[in-house]
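Subject: Handover of a protein structure

Dear colleague,

Please find below the sequence and structure that I am handing over to you. My findings follow, and I would ask you to read them with the structure open beside the text.

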Amino acid sequence: MASSNRLAYLRTQLRVVARLSGRVAATQDVEEMVKLVVDELHETFAFQLASIHRLGVDNLLRLVAGPGPLAEVTEFLLVEQPLDTGVNGRVARSGATALVHDTRLDRDYVEGDPSTDPRSELTVPIVVDDRIWGVDNLEAIEREAFDDADAALVEAIAAGLGVAIHRASLVSSLEHAFMDVLGVLTSTVEAKD
C-alpha cells in the first residue's frame, strides 16, 4: 500500500476508534454497544464479516451481533461454538489476538465451504474485569487482508468495549443496591408508622 494511502487508512482507523468510543460510552445497554461496534466496523471497512461472540458460563461462544455478507448465510455463521473449537475458541481460551493470513493454513479454522470460506481472519479477545467476556471476529474473502495495524485497531476497539461493558455492569449494580437500600428505608418508615 502506498505511503499516502496507508496514512489515509490509518487516519480512518483513528476516526473509527474516536467515534466508537463516544458512541459506546453514551449507552448503558450492552447489546446496543456490541451492535454499534460491529456495524461501524462493517460499514467503514466493508469486511465480509464483523461479529462479536459472547462467552457463556457453559463455555460456548454465542453470536451477539454480526452484520456482513457472511451473516446472511446461516450455514456459514457459527451461532454457537464450543470453546475448544475454531480460531474464536483459541482466542477466548488464550486471551491472545489471532491474525490469520490464510485460513486454509490455520489448524483451528473451522472450514465450511472451501469455495466460499473467507481466506483471512482477525479475532481479538474482549476482556471485562480481567476475564474473557467474548471475542471480536473479522473475516475477509482475500488472503492477507489484515495486518498488525488492523489488529491494533480492533484491539483498541475491543478494549474500549470491555471498559464500557464493565462500566455498565457497575452502574447496574449500583442501581440495584440503591433500590435495595430504598426498599429497606421504605419498609423501616412504614414499620414505624
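Two strands are said to pair if DSSP finds at least two bridges between them. By this rule, strand β1 pairs with strand β2 (residues 60-65): 4 bridges join the two, and they run antiparallel. Please keep in mind throughout that the model is predicted.

Overall composition

The protein contains 4 helices and 6 strands. Along the sequence they follow the pattern α-α-β-β-β-α-β-β-β-α. Of the 193 residues in the protein, 40% are buried. The accessible surface amounts to about 10,600 Å², and carbon and sulfur atoms account for 55% of this area. Among contacts between residues at least 6 apart in sequence, 52% join residues at least 24 apart.

The sheet

In what order do the strands lie in the sheet? The 6 strands form an open sheet in the order β3-β2-β1-β6-β5-β4, with antiparallel pairing. β3 and β4 are the edge strands, each of which pairs on one side only. On average, neighbouring strands of this sheet are turned by 25 degrees against each other, direction ignored. As general background, strands of a sheet pair through backbone hydrogen bonds, either parallel or antiparallel.

It is convenient to begin with β1. This strand covers residues 49-55, and 6 of its 7 residues are buried. With strand β6 (residues 131-140), β1 pairs in the antiparallel sense over 6 bridges. Arg54 may serve as a guide across several strands: Arg54 stands opposite Gly134 in β6, while its bridge partner in β2 is Arg62. Arg62 in turn has Glu80 as its bridge partner in β3. β2 and β3 pair in the antiparallel sense over 3 bridges. Another position at which β1 meets β2 is Ile52, which stands opposite Ala65. The hairpin of β1 and β2 has 4 residues between the strands, and in this hairpin Asn59 takes a positive phi near 60 degrees.

Elsewhere in the sheet, β5 and β6 run antiparallel and are joined by 9 bridges. Val124 stands opposite Asp136 in β6.

The helices

Helix α2 (residues 30-45) packs on the sheet and touches β1, β2 and β6. The direction of α2 makes about 155 degrees with that of β1.

Helix α3 lies across β1, β2, β3, β4, β5 and β6, and runs at about 35 degrees to β5. Is α3 (residues 86-94) largely enclosed by the rest of the structure or largely open? Because 7 of its 9 residues are buried, α3 is largely enclosed by the rest of the structure. The buried residues of α3 are Gly86, Val87, Asn88, Gly89, Arg90, Val91 and Ala92. Their cover includes β1, β2, β3 (80-82), β4, β5 and β6. Just after α3, Gly95 takes a positive phi of about 75 degrees.

Helix α1 allows a simple check of length. At 1.5 Å a residue, its 23 residues should span 33 Å, and the end C-alpha atoms are 33 Å apart, which agrees. Arg6, Gln13, Val16, Leu20 and Val24 are buried in α1.

Two individual residues

Ala25 belongs to helix α1 (residues 3-25). Why is Ala25 classed as partly exposed? Its relative accessible area is 43%, and the partly exposed class lies between the limits of under 20% for buried and over 50% for exposed. Ala25 and Gly160 are 135 residues apart in sequence, yet their C-alpha atoms are 8.8 Å apart in space.

Arg119 is found in the loop between β4 (98-100) and β5 (120-128). Its relative accessibility is 18%, and Arg119 therefore counts as buried, the limit being under 20%. The side chain of Arg119 makes a polar contact with the side chain of Asp102, at 2.9 Å. Leaving aside neighbours within four places in sequence, Arg119 is in contact with several residues, including Val100, His101, Thr103, Arg104, Ala140, Ile141, Glu142 and Arg143.

I suggest tracing the sheet in the order given above, β3-β2-β1-β6-β5-β4, and then turning to α3, which lies across these strands.

Yours sincerely,

A colleague

Technical notes. Residues are numbered from 1 along each chain as its sequence is written. This is a predicted model: local features need pLDDT of at least 70, side-chain atom pairs count only at pLDDT 80 or more; totals for chains, interfaces and linings use all residues. Side-chain values use heavy atoms; hydrogens and water are left out. Buried means under 20% relative accessible area, exposed over 50%, partly exposed in between (1.4 Å probe, protein chains only). A polar contact is a pair of N or O atoms within 3.5 Å; within protein, one must be able to donate a hydrogen and the other to accept it, and residues adjacent in sequence count only if both atoms are side-chain atoms. Contact means heavy atoms within 4.5 Å. The expected span of a helix is 1.5 Å times one less than its number of residues. Axes are lines fitted to C-alpha atoms, for helices over the stretch in contact, and angles run from 0 to 180 degrees between N-to-C directions. Accessible areas come from the Shrake-Rupley method with a 1.4 Å probe; for residues, only the protein chains shown count as cover.
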